[in-house]
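Biologist: I should like to learn how to read aromatic contacts and helix packing. Please take me through them in turn.

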Amino acid sequence: MKEKQNWLIWLILLITLIRVGTYTVLEIGNTIFWWVLEFAIIMIFAILAYKSPNENTAAKAKPVKYFLIWNFICILRGFFVASNYWEFKNLVGTGFMLFIPLVVYILDDTLFLQNLIRRWFKYMPILFIFLIPYTFGTEHGADLYGKYFIPVLFLLPFIMLLSPKYRYYLLFLTIVVLFFSLDARSNIIRFIFALIIGLSYYCRRSISIKLLRITGFTFYLLPIILLSLGIFGMFNIFKMNEYIEGDYESTTNINGKSKSSSLTADTRTFLYEEVLQSAVKHEYVLFGRTPARGYDSEYFRKMVSKDLKMNTKERFGSEVAVHNIFTWNGLIGVVLYFLVFIKASLLALYKSKSYLMKLLGVFVAFRWTYAFVEDFTTFELQYLFLWVTIGMCYSTKFRRMTDLEIKIWVNGIFDKRYRKLAYFNNKRKLHGI
């Protein structure tokens with residue numbers, strides 16, 4: 001079991017580099033290399049999930065099981081739908097990604113997650129220093145910071161539990177990400193909200209658990225309300241340039257040329273229109289078009305035709321997570337996705353001992369809302385750690401921890417003394433001391 005976990009940790013560390021080629025001038029690996037890596041990760045997830053001894057977590061995680069079953073059915077349907085090279089390629093790549101939720105079933109092993117993050121912080125920040133020169137002059141170089149430092153985002157809700165030295169280290173990395181990601185609005189929003197969640201722990205005497213629960217429910221209602229208002233033309237939250245006065249722009253240098261972009265530009269409304277119109281036109285609203293297919297896009301038609309070297313307007317994926325779940329798995333998939341998130345939040349908010357876990361329940365609720373704005377559903381660290389966060393909410397062991405025990409666990413990522421302390425505490429519990 002430990003040997004498989006060690007292999008899994010190293011493979012996940014490699015996944016950090018999977019999108020580096022998109023944001024730098026470097027090319028790391030090829031499609032076959034990443035497919036083999038992804039397949040190996042999913043297989044180890046499946047083996048560890050099958051051998052997981054905690055039946056309580058499995059019982060609580062039934063929404064995840066139903067979501068995985070529906071994903072599998074949609075993938076099978078995809079083999080009958082796919083008709084060309086690109087559709088089969090999309091089916092395989094997306095199919096691997098749709099099994100990432102298996103990680104939920106292995107997170108009762110708190111040491112596994114601790115060791116994973118510990119090794120990431122030991123090696124990957126240093127490696128990033130060598131990547132920085134290759135980000136200059138690239139169009140999407142700013143995106144790399146937020147994508148690469150996802151474990152920092154993951155730890156921000158725990159920031160007030162960390163020792164000062166590691167707290168400042170985390171804040172330093174956060175500032176670096178924010179400073180170099182001014183063009184990448186979603187990275188900034190995710191990191192800032194995660195930091196707000198972390199700082200909320202400091203104000204826990206002022207922020208009641210009841211308020212946290214209300215906030216969580218609000219995040220689940222918000223997308224439904226805003227989507228309805230947008231469809232009926234009453235209010236469109238994406239058209240911020242209509243409600244905010246002044247010009248807010250960021251400037252990046254690409255190959256010696258300055259490029260300005262508006263921070264209030266609407267880059268989502270047309271996506272919603274195309275995704276919904278395509279689903280209605282081709283009658284896949286309920287069951288989806290399978291992971292082999294995408295949605296019809298007039299806006300990206302020229303780009304897609306050029307990339308695929310064929311006359312098509314079918315775009316295989318959107319920047320918005322819910323769009324992809326809807327396109328591939330239909331309304332059924334979106335409902336199951338919603339049930340996974342809300343059950344995780346409910347468990348964290350109502351069935352956990354620590355205040356920190358309740359904060360994570362709110363953070364998961366926020367990520368549901370943000371799935372309607374931007375959350376890339378691709379096999380990369382960002383999507384993996386989203387499911388790790390969801391998995392912690394389902395995990396019986398994490399929910400049984402007190403704030404002190406979580407403090408010892410999170411500091412053990414950086415400090416060997418805390419790992420020893422956790423070991424002796426567990427030993428005392430086993431012997432009833």
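Biologist: Which residues form one aromatic cluster?

Modeller: Rings of Phe, Tyr and Trp (its six-membered ring) pair if their centres lie within 6.5 Å; planes under 30 degrees apart count as stacked, over 60 as edge-to-face and the rest as tilted. Here Trp120, Phe121, Phe128, Tyr145, Tyr148, Phe149, Tyr166, Tyr169, Phe179, Phe180 and Phe414 make up one cluster. This is a predicted model, in which local features need pLDDT of at least 70 and side-chain atom pairs count only at pLDDT 80 or more, while totals for chains, interfaces and linings use all residues. Residues are numbered from 1 along each chain as its sequence is written, and side-chain values use heavy atoms, leaving out hydrogens and water.

Biologist: How many aromatic pairs does a search of the whole structure find?

Modeller: The search gives 42. Among them, Tyr85 and Trp86 are edge-to-face, 5.0 Å centre to centre with 75 degrees between the planes.

Biologist: Is Tyr85 buried or exposed?

Modeller: Buried means under 20% relative accessible area, exposed over 50%, and partly exposed in between (1.4 Å probe, protein chains only). Tyr85 is exposed at 55%, and Trp86 is partly exposed at 26%.

Biologist: How should two packed helices be described?

Modeller: One gives the angle between their axes and the distance between the axes. Axes are lines fitted to C-alpha atoms, for helices over the stretch in contact, with angles from 0 to 180 degrees between N-to-C directions. Helices are DSSP runs (H or I, at least four residues), numbered from the N terminus. The axes of H3 (residues 31–51) and H6 (residues 85–97) come within 9 Å and cross at roughly 35 degrees.

Key
Helix = DSSP H or I, 4+ residues; strand = E, 2+ residues; numbered from the N terminus.
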